[in-house]
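Colleague: Could you take me through one part of this model in detail? I'd like to hear how a sheet is put together and what packs on it.

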Amino acid sequence: MLLRLPTSLSEAQECLTEGAIPVGGATLVWAAWQRDGFPEQAVSLREVPQANVLGAGEVGAAVLLHRIDERVPEVLRLAASGIGTGAVRRTATVGGNIVGSTLRCLLPAALVLNARAQVLAAEGPFETDLAELLAKKPLLLSLHWDEPLVSGYLKVSEAPGGPPPLVVATAVHSTEEGGRVLRVAVRDGYEFLSESVPCDTDAESVLDALSGTAIGALPAEAREVVREQVASVLERAAER
Ligand SMILES: Cc1cc2nc3c(=O)[nH]c(=O)nc-3n(C[C@H](O)[C@H](O)[C@H](O)COP(=O)(O)OP(=O)(O)OC[C@H]3O[C@@H](n4cnc5c(N)ncnc54)[C@H](O)[C@@H]3O)c2cc1C
């Protein structure tokens with residue numbers, strides 16, 4: 001296998017045109033390649049500047065999970081710090097987690113940030129939303145979002161060998177009209193739910209509005225965790 005390390009978008013584009021398969025830290029693909037055979041070419045974005053951004057409102061696809069720190073909102077930082085072991089976080093990338101894994105602990109955080117994806121196709125770079133990113137799985141370059149006022153993330157402790165643990169991500173954003181909106185995303189098993197409701201009123205009314213969405217149909221235990229997380233993020237938002 002030829003591992004290609006482009007240093008610019010145009011070189012990365014050339015790799016795609018020539019059929020190279022995206023690779024991040026290879027924490028997932030290595031075992032599959034050993035079992036099923038290696039591709040002729042793979043392309044890593046680790047030398048491409050646009051895929052290594054990390055700062056206000058952006059994170060690159062080649063950023064290693066252990067590098068995600070207080071430059072990004074709490075929801076994303078907590079999500080990254082709870083993935084796998086230290087060894088996994090030192091090797092795995094944002095792109096491999098969001099696009100290539102099934103657990104996708106970063107996805108609820110990206111959903112409540114209402115993140116947009118910058119992707120690269122053989123025709124060139126373009127912006128898309130998370131739904132299209134997950135459906136079509138193009139080469140992810142980076143994620144971008146508007147800073148929330150406050151955010152939060154909880155991954156319930158996992159039972160070994162059981163289903164993926166429940167994840168609840170929350171964020172409160174200012175709207176252009178001067179109001180506020182609460183975004184909540186939940187990973188329940190391998191399913192992801194994402195809802196948003198206005199949150200200019202008291203916490204009980206916000207929770208009522210949320211119970212009228214798909215989140216209201218979650219099992220009672222999960223609904224209780226959502227309730228606690230929403231109450232906590234609304235309390236912190238009220239101080240801002
Ligand atoms: C022990 C262990 C524990 C784990 N625990 C968790 C956990 O708790 N939560 C969780 O969410 N995950 C967990 N994972 C999964 C982990 O997050 C993934 O291994 C990791 O995110 C994959 O990242 P990678 O960079 O190594 O991807 P790779 O293995 O390199 O690639 C995985 C897939 O993603 C594709 N890909 C890679 N980069 C891009 C890109 N930029 N654009 C498009 N496609 C791309 C590849 O083509 C491939 O199909 C765990 C993994 C291990 C080994």
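**A close look at the open sheet**

Modeller: Let's start in the middle: strands β10 (residues 167-174) and β11 (residues 180-188) run antiparallel and are joined by eight bridges. Bear in mind that this is a predicted model. One spot to find on screen is His-173, which sits opposite Val-181 in β11.

Zooming out, β10 and β11 belong to an open sheet of four strands, ordered β9-β10-β11-β12, with antiparallel pairing. The edges are β9 (150-155) and β12 (191-198); each has a single partner strand, so one side of each has no neighbour in the sheet. From one strand to the next, the twist averages 10 degrees.

Now for the helices. Helix α3 (residues 74-81) packs on the sheet, where it touches β9 and β10. Its direction makes about 20 degrees with that of β9. Then there's helix α9 (residues 220-238), which lies across β9, β10 and β11. Helix α9 runs at about 155 degrees to β9.

While you have the model open, have a look at another strand too, β8 (residues 139-144), which holds Ser-142. With a relative accessible area of 4%, Ser-142 is buried. Its side chain makes a polar contact with the side chain of His-144, at 2.7 Å. Leaving aside residues up to four places away in sequence, Ser-142 touches several others, among them Gln-50, Val-53, Val-59, Arg-116 and Gln-118.

How values were computed. Residues are numbered from 1 along each chain as its sequence is written. This is a predicted model: local features need pLDDT of at least 70, side-chain atom pairs count only at pLDDT 80 or more; totals for chains, interfaces and linings use all residues. Side-chain values use heavy atoms; hydrogens and water are left out. Helices (H or I, at least four residues) and strands (E, at least two) are DSSP runs, numbered from the N terminus. Buried means under 20% relative accessible area, exposed over 50%, partly exposed in between (1.4 Å probe, protein chains only). A polar contact is a pair of N or O atoms within 3.5 Å; within protein, one must be able to donate a hydrogen and the other to accept it, and residues adjacent in sequence count only if both atoms are side-chain atoms. Contact means heavy atoms within 4.5 Å. Two strands pair if DSSP finds at least two bridges between them. Axes are lines fitted to C-alpha atoms, for helices over the stretch in contact, and angles run from 0 to 180 degrees between N-to-C directions.
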